[in-house]
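Biologist: I am new to this structure and would like to learn how to read it. Could you walk me through it, one feature at a time?

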Amino acid sequence: YRLADREGLVLLVTGSSDVSVSDELLWGLERRAGLAFGKLYLAAHSGGNVGLARSLGRVRRPDRIAMLDNFYFAESLSHAIQREVAAGAVCAGYLTAHNRERYEKRFMPFVYCPIQDRSDLGHDGGVNRCLGKYLARTSCD
């Protein structure tokens with residue numbers, strides 16, 4: 001949250017893995033806040049890949065996509081993410097050991113996105129440690 005405050009960002013946090021974001025939702029938030037959001041960053045942790053998948057195509061082009069050990073999805077989401085990367089979105093994230101095989105089979109061959117092995121932080125531990133860093137750069141270091 002400190003990064004969002006310092007950078008003047010609006011941060012929308014959802015509490016469910018299948019909640020998605022749409023332009024309609026963003027326009028409503030912009031109207032109520034009296035703001036125009038200049039950039040859109042999407043981040044998904046663990047099962048949040050479901051919401052990420054539902055958001056892509058329903059929301060304006062993201063500027064950044066943060067992949068937070070969320071590699072439980074089919075290859076089709078990898079192709080959707082690569083379309084956003086090809087259109088200019090910056091992608092970065094981390095994985096832990098329990099997601100390595102899924103990442104190597106379903107994501108790595110299809111998406112240009114630097115993913116760090118952060119098994120040292122654990123599946124949940126990387127979120128607090130790395131999310132803000134991935135919203136600003138492509139490394140958690």
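**Reading the model step by step**

Modeller: Happy to. Start with confidence, because this is a predicted model: the chain averages a pLDDT of 90, and 90% of the residues score at least 70.

Biologist: Which elements of the chain have the lowest and the highest mean pLDDT?

Modeller: Helix α1, residues 2-7, has the lowest mean pLDDT, at 60. Strand β4, residues 115-117, has the highest, at 98.

Biologist: Thanks. Now the strands: with which strands does β2 pair, and in what sense?

Modeller: Look at the bridges on either pairing. Strand β1 (residues 41-45) pairs with β2 in the parallel sense over 5 bridges. Strands β2 and β3 also run parallel, and 5 bridges join them.

Biologist: Can you give me a residue to look for in each pairing?

Modeller: For β1 with β2, find H45, whose bridge partner in β2 is L68. The path from β1 to β2 goes through helix α3 (residues 49-55), and this β-α-β crossover is right-handed. For β2 with β3, find A66, whose bridge partner in β3 is A92. Here the chain crosses from β2 through α4 to β3, again as a right-handed β-α-β crossover.

Biologist: How many of the residues of strand β2 are buried?

Modeller: Strand β2 spans residues 64-68, and 5 of its 5 residues are buried. To read a strand, check each face in turn. On one side of β2 sit R64, A66 and L68, on the other I65 and M67, and all of these are buried.

Biologist: Let us turn to a helix. Where is A80, and is this residue buried or exposed?

Modeller: A80 lies in helix α4, which covers residues 75-86. A residue is called buried under 20% relative accessible area. A80 has a relative accessibility of 12%, so it counts as buried.

Biologist: How far is A80 from N128, in sequence and in space?

Modeller: The two are 48 residues apart in sequence. In space, A80 and N128 are 26 Å apart, taken from C-alpha to C-alpha.

Biologist: What about disulfides: how many does the structure hold?

Modeller: There are 2 disulfides. One joins C91 to C113, with a distance of 2.1 Å from S to S. This pair links distant parts of the chain, 22 residues apart: C91 is in strand β3 (residues 90-95), while C113 is in the loop between α5 (100-106) and β4. Both C91 and C113 are buried.

Biologist: And which cysteines form the other disulfide?

Modeller: That one joins C130 to C140, with 2.0 Å from S to S. C130 belongs to helix α6 (residues 125-136) and C140 to the segment after α6, so to speak two distant parts of the chain, 10 residues apart. C130 has a relative accessible area of 0% and is therefore buried. C140 counts as buried too, at 0% relative accessibility.

Biologist: What is the handedness of each link?

Modeller: Read the angle about the S-S bond. For C91 and C113 the angle is -75°, and the link is left-handed. For C130 and C140 the angle is -80°, and this link is left-handed as well.

Biologist: If I number the bonded cysteines in sequence order, what is the pairing?

Modeller: The pairing is 1-2, 3-4. You can follow this on the structure by going from C91 to C113, and then from C130 to C140.

Conventions:
Residues are numbered from 1 along each chain as its sequence is written. This is a predicted model: local features need pLDDT of at least 70, side-chain atom pairs count only at pLDDT 80 or more; totals for chains, interfaces and linings use all residues. Side-chain values use heavy atoms; hydrogens and water are left out. Helices (H or I, at least four residues) and strands (E, at least two) are DSSP runs, numbered from the N terminus. Buried means under 20% relative accessible area, exposed over 50%, partly exposed in between (1.4 Å probe, protein chains only). pLDDT is the predictor's confidence in each residue, from 0 to 100. A disulfide is a pair of cysteine sulfur atoms within 2.5 Å. Two strands pair if DSSP finds at least two bridges between them. A crossover is right-handed if, with the strands pointing away from the viewer, the path from the first strand over the helix to the second runs clockwise.
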